[in-house]
Amino acid sequence: MFRRTFWFSAGAAAGVWATTKVNRKLKQLTPESLAARTADKAVEAGHRLKDFALDIKSGMAQREAELNDVLGIGESEVRELPAQRRLAAIETAHERYTKQQYPKHSYNRNEDH
C-alpha cells in the first residue's frame, strides 16, 4: 500500500511539474510576450550601437591628437579663415550682367516657349 501511495504522489507531482512547464512556455509564446521580448532586444541593440559609436568617436579623437603631435600641428595655433572670395565673385558677375543690354526675346528657335 505504501508503494502505491508513493507512485501515485510521484505521478501527481510529475503532472503538476509538466503542466507548469507547458504553461510557462505557452505564456512565452504569446504575441504580447514576443513583442515585449523583441522590444527589449531592440533597446539592448541600440545601447550596444551607441556604446560602439562612442568608442569609435573617442578612438578617432585619440588618433587625431596623435597625428597632430606627429605632424607638429598644435592646438595653440589659431588659424583664421581666409576672406570670402565667392561672394565678391558673385557680386562682380552680377554687376557685369546688369550692365550688358540683352534683348527681351530669345532668338533661339529650339525653345518651345
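Which residues gather in a patch of positive charge on the surface? They are Lys-21, Arg-24, Lys-25, Lys-27, Arg-37 and Lys-41, and the legends below start from the whole chain before coming back to them. This is a predicted model, so to speak a calculated one: local features need pLDDT of at least 70, side-chain atom pairs count only at pLDDT 80 or more, and totals for chains, interfaces and linings use all residues. Residues are numbered from 1 along each chain as its sequence is written, and side-chain values use heavy atoms, with hydrogens and water left out.

**View 1. The whole protein, read as α-α-α.** There are three helices and zero strands here; both are DSSP runs numbered from the N terminus, with helices being H or I over at least four residues and strands E over at least two. Of the 113 residues, just 1% are buried (under 20% relative accessible area; exposed is over 50%, and partly exposed is in between, using a 1.4 Å probe and protein chains only). The accessible surface comes to about 11700 Å², and carbon and sulfur atoms hold 60% of that. Areas follow the Shrake-Rupley method with a 1.4 Å probe, and for residues only the protein chains shown count as cover.

**View 2. The positive patch on α1 and α2.** Back to Lys-21, Arg-24, Lys-25, Lys-27, Arg-37 and Lys-41. The elements giving two or more residues to this patch are α1 (2-28) and α2 (31-71), and α1 supplies the largest share, four residues. Lys-27 sits in helix α1 and counts as exposed because its relative accessibility is 62%. Patch members have over 30% relative accessible area and no salt bridge; like charges are joined within 9 Å, and nonpolar side chains (Val, Leu, Ile, Met, Phe, Trp, Tyr) within 5 Å. Lys and Arg count as positive and Asp and Glu as negative, while His and the chain ends are not counted. Each charge is placed at NZ of Lys, CZ of Arg, CG of Asp or CD of Glu.

**View 3. A nonpolar patch on the surface.** Leu-67, Val-70, Leu-71 and Ile-73 make up this one, with about 400 Å² of accessible area together. Leu-71 belongs to helix α2, and its relative accessible area of 63% makes it exposed.

**View 4. Two salt bridges.** The rule asks for a side-chain nitrogen of Lys or Arg within 4 Å of a carboxyl oxygen of Asp or Glu. In one, Glu-44 and Arg-48 meet at 2.5 Å, N to O. They are about one helical turn apart because four residues separate them in helix α2. Glu-44 is partly exposed at 37%, whereas Arg-48 is exposed at 54%. Arg-63 bridges to Glu-66, with the closest N and O atoms 3.2 Å apart. This pair is three residues apart in helix α2, so again about one helical turn lies between Arg-63 and Glu-66. Arg-63 is partly exposed at 46%, and Glu-66 is partly exposed at 35%.

**View 5. One aromatic pair.** Rings of Phe, Tyr and Trp (its six-membered ring) pair if their centres lie within 6.5 Å; planes under 30 degrees apart are stacked, over 60 edge-to-face, and the rest tilted. The ring centres of Phe-6 and Trp-7 are 5.1 Å apart and the planes stand at 70°, so this pair is edge-to-face. Phe-6 is partly exposed at 43% relative accessible area, while Trp-7 is exposed at 58%.
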